[in-house]
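Thanks for sharing this one. Here are a few notes to read with the structure open beside you.

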Amino acid sequence: MTPTSPARLVYGCMGLGGDWTPGPVTPAAIDQAAAAVEAALSIGVGVFDHADIYRFGKAETVFGEVLKRTPGLRERIEIQTKCGIRLDADHAPYDLCTIVARVDDSLARLGVDYVDTLLLHRPDPLLEPADVAVAVAQLHAAGKIRALGVSNMSGAQIAFLQRESPLPIVVNQLEMSLGRRDWVDSTVLVNHPDGASNTFPHGTLEYCASNGVRLQAWGALAQGRYSGAPTRTAAEEAASAVVTTLAEAKNTTREAIVLGWLMRHPARIDPVLGSSDPTRIRACADAAVQAAAMTRDEWFALYIAARGRPLP
Ligand SMILES: NC(=O)c1ccc[n+]([C@@H]2O[C@H](COP(=O)([O-])OP(=O)(O)OC[C@H]3O[C@@H](n4cnc5c(N)ncnc54)[C@H](OP(=O)(O)O)[C@@H]3O)[C@@H](O)[C@H]2O)c1
């Protein structure tokens with residue numbers, strides 16, 4: 001997948017594995033994961049997103065069980081995982097200095113020899129790019145990771161890491177959706193008073209586009225607030241109504257419109273789907289088709305309704 005190839009759906013595994021407590025996985029959690037993975041595969045998803053912390057490691061463990069049940073699946077998909085956040089109370093919350101051990105633990109839970117892409121989950125204020133580079137080189141030389149990505153990082157932070165990194169940084173995963181629009185507002189509100197409170201790091205989209213870094217959107221469904229889950233504000237209600245109108249007019253699902261809005265953006269954003277409900281996963285199937293068919297007027301109608309105020 002090159003940086004310029006079209007946006008594609010990624011399946012996010014944070015909802016798999018049972019509750020957010022350490023411990024063994026249950027047969028029911030493995031069955032739930034198998035059904036979600038089957039639904040994702042049925043709509044053409046080929047990339048599965050993990051993190052070592054999801055459900056205290058249980059997301060990776062149930063996924064490993066699904067791989068065991070499905071001969072040949074590992075070779076047909078890409079797996080990415082993340083490290084850099086620690087949930088254990090007696091440890092610093094952010095940690096990018098124990099990457100090798102974290103990846104070894106993820107590989108053991110997943111029951112695989114390698115992950116396709118390792119993402120550094122969050123910026124660590126004590127991060128030393130040269131130390132990260134040593135760990136990444138060691139993992140790559142051992143065949144345990146094939147590519148490197150980051151998450152929740154600005155363009156400047158990626159550039160800083162890239163100076164030392166032995167591998168190109170090929171992914172940046174950020175929260176982006178119809179509900180989380182600071183990334184697009186930041187490109188519109190340059191030199192405008194309304195942009196004063198926008199904290200999205202300017203230039204990040206442009207850095208990624210210029211340097212072969214694919215954008216992945218976490219929270220892409222906005223937790224369903226535009227496709228059937230309860231809305232929280234008048235703007236969400238209004239945008240949800242626009243989504244429904246477009247979905248009916250185009251004979252598609254609301255999920256496909258919500259994701260199509262993201263994928264229509266020229267930054268080529270890959271939405272990461274977080275639903276573990278097979279019906280909702282299948283409802284995303286039409287997203288790329290809807291992105292390709294979405295007119296400029298429709299895109300702006302959704303954006304402005306979700307903003308809840310006109311553009312300057
Ligand atoms: N890099 C990071 O820092 C980061 C942070 C968070 C997440 N992620 C990744 O991104 C993925 C997606 O993130 P996300 O889970 O926050 O976002 P999401 O896909 O926007 O939301 C999924 C959640 O919303 C619920 N939902 C969706 N549609 C719904 C509807 N119509 N009615 C009721 N509930 C609905 C789902 O419940 P059901 O399961 O019942 O459908 C699920 O709990 C995660 O799986 C993970 O892989 C990355």
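1. Start with the ligand's surroundings in this predicted model. The ligand is surrounded by 26 residues, and the closest of them are Asp49, Ser151, Gly274, Ser275 and Arg280. By class, that shell splits into 12 polar, 10 nonpolar and four charged residues.

2. Next, some polar contacts worth a look in your viewer. On the side-chain side, Tyr54 places a polar atom 3.2 Å from a nitrogen atom of the ligand, and His121 has a polar side-chain atom 3.4 Å from an oxygen atom of the ligand. Met14 takes part through its backbone, where a polar atom is 3.2 Å from a ligand oxygen. As for cover, the ligand on its own exposes 900 Å², of which the protein buries 81%.

3. Which space does the ligand take? The ligand occupies the largest pocket, whose volume is about 610 Å³. Its lining comprises 30 residues, with Met14, Gly219, Gln223, Leu273 and Gly274 the closest to the pocket centre.

4. Finally, the chemistry of the pocket wall. The lining of the largest pocket has 13 nonpolar and 12 polar residues, along with five charged ones. Met14 is a good residue to select when you look at this region: it is among those closest to the pocket centre, and its backbone supplies the 3.2 Å contact to a ligand oxygen.

Conventions
Residues are numbered from 1 along each chain as its sequence is written. This is a predicted model: local features need pLDDT of at least 70, side-chain atom pairs count only at pLDDT 80 or more; totals for chains, interfaces and linings use all residues. Side-chain values use heavy atoms; hydrogens and water are left out. On a 1 Å grid over the protein atoms alone, a cavity is a set of points where a 1.4 Å probe fits but cannot get out, and a pocket is an open set with protein on both sides within 12 Å along at least five of seven lines; lining residues have an atom within 4 Å of a point. Grid points are joined across faces, edges and corners, and a volume is the space filled by probe spheres set on the points. Ala, Val, Leu, Ile, Met, Phe, Trp, Tyr, Cys and Pro count as nonpolar, Asp, Glu, Lys and Arg as charged, and the others, Gly among them, as polar. A residue is near a molecule or strand if one of its heavy atoms lies within 4 Å of it. A polar contact is a pair of N or O atoms within 3.5 Å; within protein, one must be able to donate a hydrogen and the other to accept it, and residues adjacent in sequence count only if both atoms are side-chain atoms. Accessible areas come from the Shrake-Rupley method with a 1.4 Å probe; for residues, only the protein chains shown count as cover. A molecule sits in a cavity or pocket if more than half of its atoms lie within 2 Å of its grid points.
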